[in-house]
Amino acid sequence: QREWASLAMLAPWQHHFAGKALGCRMEFIKQFSVRFHPPGKGSSAEKVAAFKNYLHRTVEKDKETIEMSPWGAEAVGHALKALATAPKSVSFEVERVSKEESANVHFKSLGVAPWEEYLESRLMNTRLLAVTNESQVLKLARDVTNALQNAPDNAKAVRAFALWDDEAAIDVLVAGLAAVPSLYPFKKLSCVANVIHPVDDPRGRLFVYAT
């Protein structure tokens with residue numbers, strides 16, 4: 001079980017004491033960056049809450065680049081949900097990475113902005129894609145690619161969503177977005193995640209807006 005956070009802003013002697021205080025494994029990455037290791041399968045509610053709260057505090061301060069490499073559908077879900085519920089909107093990119101014979105995804109934040117600013121600036125006339133636990137990663141990637149390539153210049157964006165409590169669908173959603181650069185050459189998506197609670201349905205929707 002990987003611990004959930006690695007700080008980069010601290011000096012080497014500070015890593016030792018901060019690690020004891022936070023109960024997490026520290027790992028030096030680069031100045032002004034912080035890497036989170038989202039809790040995975042079987043993690044306690046307390047560990048999930050600690051991960052989310054620390055990520056939210058990092059977003060609020062807006063002084064470090066956030067990086068995450070979650071392993072497993074549960075960890076991917078915790079990562080995306082933490083971004084979607086942050087106190088500010090977080091623009092991020094996600095890409096596929098391989099390690100030995102397995103592959104996972106890597107999140108990297110690009111910037112933050114007040115939610116009001118994001119909502120006012122986003123494009124509205126975009127294609128909407130629903131993702132379920134039966135959706136296929138490559139088909140979703142192709143759908144996103146086609147939507148972006150065929151959209152007019154003033155609407156080159158796409159929205160995709162999965163049900164908040166559908167871990168398998170969220171995993172497909174993230175993997176599909178991460179696969180787009182392989183189909184849409186030289187184009188890394190800039191994404192923002194948020195959550196919507198429909199009035200007529202108790203199930204929340206986890207949305208990702210991608211340009």
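1. A quick definition to start: two residues are in contact when they have heavy atoms within 4.5 Å of each other. Keep in mind that what you're looking at is a predicted model. Now take the contacts in the chain between residues at least 6 apart in sequence: 66% of them join residues at least 24 apart.

2. Next, the overall inventory. The chain has six helices and nine strands. It runs to 211 residues, and 45% of those count as buried. About 11,100 Å² of the chain is exposed, with carbon and sulfur atoms supplying 52% of that area.

3. Have a look at helix 2, residues 45-61. How far apart should its ends be? At 1.5 Å a residue, its 17 residues should span 24 Å, and the end C-alpha atoms are indeed 24 Å apart, so the two agree. Several of its side chains' owners are tucked away: Phe51, Tyr54, Leu55, His56, Thr58 and Val59 are buried. Just past the end of helix 2 comes Asp62, with a positive phi of about 55°.

4. Now find helix 3 (residues 73-84) and helix 6 (residues 167-183), which pack at an angle of about 75° with their axes 9 Å apart. Angles from 65 to 115 degrees count as roughly perpendicular, so helix 3 is roughly perpendicular to helix 6. On the helix 3 side, the contact is made by Ala73, Glu74, Val76, Gly77, Leu80 and Lys81. Helix 6 contributes Glu167, Ile170, Asp171, Leu173 and Val174. What kinds of residues make up this contact of helix 3 with helix 6? Six are nonpolar, one is polar and four are charged.

Methods: Residues numbered from 1 in each chain as written. Predicted model: local features only at pLDDT ≥ 70, side-chain atom pairs only at ≥ 80, totals over all residues. Heavy atoms only, no water. Helix = DSSP H or I, 4+ residues; strand = E, 2+ residues; numbered from the N terminus. Expected span 1.5 Å × (residues − 1). Buried < 20%, exposed > 50% of the residue type's maximum accessible area, 1.4 Å probe, protein only. Areas by Shrake-Rupley, 256 points an atom, 1.4 Å probe, with all protein chains shown as cover. Axes fitted to C-alpha atoms, helices over the stretch in contact; angles between N-to-C directions. Parallel < 35°, antiparallel > 145°, perpendicular 65-115°, else oblique. Nonpolar A, V, L, I, M, F, W, Y, C, P; charged D, E, K, R; others polar.
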